[in-house]
Amino acid sequence: MTDLQALKSRRESGSKAAIGRLFLLDLSDGRVLSLNPDGSDRQILVTDCRMPDGIVVDVEAGHIYWTNMGVPNLNDGSIERADLDGQNRKTIVRQGATFTPKQLHLEKNSGKLYWCDREGMRVMRSNLDGSEIETLVDTSQGEARPGRDARKWCVGIAVDSDRGQIYWTQKGPDDAGLGRIFRANVEIPKRENPANRTDIEVLFDALPEPIDLELDLRKRLMYWTDRGDPPRGNTVNRAPMDADSTPRQAPDILLTHLMEGIGIALDLKGNRMFLTDLAGSLYSARLDGSEKKPLLAAQGNLTGVAYAELLTKEN
């Protein structure tokens, strides 16, 4: 019996349990996968995705959400949803409503999905059913979409719901050292618009190529993957969210030797993180970067990863 089958069985019997589970995207084969945190019991949940990149899990509602990049110059990106077992697949953000959706963030308190739109040069959000799509930040500076200037490409996204702030990465050209991390309020200031906001802060610049981003809100730390050249690239980095020194202290490099690092997921309760790279590897490590372990290797091109604890309910 697989872990997902066991979870269903326990729900039906009324017992209570929690099962840690990883949800993973394979870009090369267009698949959504599920597996145990040690790499065992790998299951294929969804196939025929159009270049999937970002993934989140809504445990309470029993849903997986993921972004499909599509073909950037065709403006055919989309966001889909399915049940935890891959059934009841549904497109919630239609093709053409966003150019190239990348990392995805679920904010349950407000009932919103947040994502970065790379060639669209935007930070966006919608309701959980895909309605009320909004642009929160427009980095195009008037450039037509799809954008060609990688300095304007928004990639990673995270939300501090307690303080009402969004964080995002702009990767910059390959190996150019022009990557940046930004912060702004979730809500656009009055009498301003997504393209002329005055509340945007640059937290870090001159980074190799920052990609996906996660926050530890209790300890006020941000973590991100970086695809650029070594020694600072192909790494996992950590830095305080609120440091106000000028210039800011350089981020701590926690892990090195990724092969085009992309996805990152934090299990704060378990003091561990999970990482993916485009060489098809999945790793786990402690939050300080120690005890790095390979869980999967040569699995196509891995992008987004999410960790969730699937809970049963007592009758």
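Trainee: Which backbone nitrogen does the side chain of D216 reach at 3.3 Å?

Mentor: The side chain of D216 reaches the backbone nitrogen of R218 at that distance of 3.3 Å, and in this predicted model the side chain of D216 also reaches the backbone nitrogen of K219, at 3.2 Å. A polar contact requires a pair of N or O atoms within 3.5 Å, and the values of 3.3 Å for R218 and 3.2 Å for K219 satisfy that limit.

Trainee: How do you know whether D216 is buried or exposed?

Mentor: The relative accessibility of D216 is 5%, and buried means under 20%, so D216 counts as buried. D216 is found in strand β16, which covers residues 210-216, and, not counting residues up to four places away in sequence, D216 touches L221, Y223, M241, L266 and L268.

Trainee: What makes strand β20 a mostly covered one?

Mentor: In strand β20, which spans residues 261-267, 7 of its 7 residues are buried. One of the residues that D216 touches is L266, and the bridge partner of L266 is M273 in β21.

Trainee: How do you know that β20 and β21 pair?

Mentor: Two strands pair if at least two bridges are found between them, and β20 and β21 have 5 bridges, in the antiparallel sense. The two strands form a hairpin with 4 residues between them, and N271 in the turn has a positive phi of about 55 degrees.

Trainee: Let us turn to the aromatic rings. Why is the pair of W168 and F182 called stacked?

Mentor: A search of the whole structure finds 3 aromatic pairs. In the pair of W168 and F182 the ring centres are 5.4 Å apart and the planes stand at 10 degrees; since rings pair when their centres lie within 6.5 Å and planes under 30 degrees apart count as stacked, this pair is stacked. W168 lies in strand β13 (residues 165-170) and F182 in strand β14 (residues 179-185), so the pair ties together parts that are 14 residues apart in sequence.

Trainee: Are these two rings buried or exposed, and what values tell you that?

Mentor: W168 has a relative accessibility of 1% and F182 has a relative accessible area of 6%, and with the cut-off for buried set at under 20%, W168 counts as buried and F182 is buried as well.

Trainee: What makes F274 and Y307 an aromatic pair, and of which kind?

Mentor: Their rings are 5.7 Å apart centre to centre, with 15 degrees between the planes, and set against the limits of 6.5 Å for pairing and 30 degrees for stacking, F274 and Y307 form a stacked pair. F274 lies in β21 (residues 272-277) and Y307 in β24 (residues 302-311), so parts that are 33 residues apart in sequence are tied together by the pair. At 0% relative accessibility F274 counts as buried, and Y307, with a relative accessible area of 17%, is buried too, since the cut-off is under 20%.

Trainee: How do you know that R118 lies over the face of W153?

Mentor: R118 is 5.3 Å from the ring centre of W153 and lies over its face, while the distance limit for a charge over a ring is 6 Å. K292 likewise lies over the face of Y283, at 4.5 Å from the ring centre.

Trainee: Which residues have the most contacts inside the largest nonpolar core?

Mentor: That core has 15 residues, and those with the most contacts inside it are F23, V32, V46, I55, I64 and W66. The strands β1, β3, β4, β5 and β24 each supply at least two of its residues, and the largest share, 3 residues, comes from β24. V32 touches L24, L25, Q43, I44, L45, V46, C49, I55 and W66, not counting residues up to four places away in sequence.

Trainee: Why is E209 called buried?

Mentor: E209 has a relative accessible area of 2%, and buried means under 20%, so E209 is buried. E209 is found in the loop between β15 and β16, and its contacts, leaving aside neighbours within four places in sequence, include K171, D174 and R227.

Trainee: And what makes L203 count as buried?

Mentor: L203, which is found in strand β15, has a relative accessibility of 4%, and under the 20% cut-off that value counts as buried. Leaving aside its neighbours within four places in sequence, L203 is in contact with Y167, I181, F182, R183, M222 and R248, and among them F182 is the ring that stacks with W168.

Definitions and conventions. Residues numbered from 1 in each chain as written. Predicted model: local features only at pLDDT ≥ 70, side-chain atom pairs only at ≥ 80, totals over all residues. Heavy atoms only, no water. Phe/Tyr/Trp six-rings, centres within 6.5 Å; stacked < 30°, edge-to-face > 60°. Buried < 20%, exposed > 50% of the residue type's maximum accessible area, 1.4 Å probe, protein only. Lys NZ or Arg CZ within 6 Å of the ring centre and 35° of its normal. Core = buried A, V, L, I, M, F, W, Y, C linked by side-chain atoms within 4.5 Å. Contact = heavy atoms within 4.5 Å. Polar contact = N/O pair within 3.5 Å; in protein donor to acceptor, adjacent residues only side chain to side chain.
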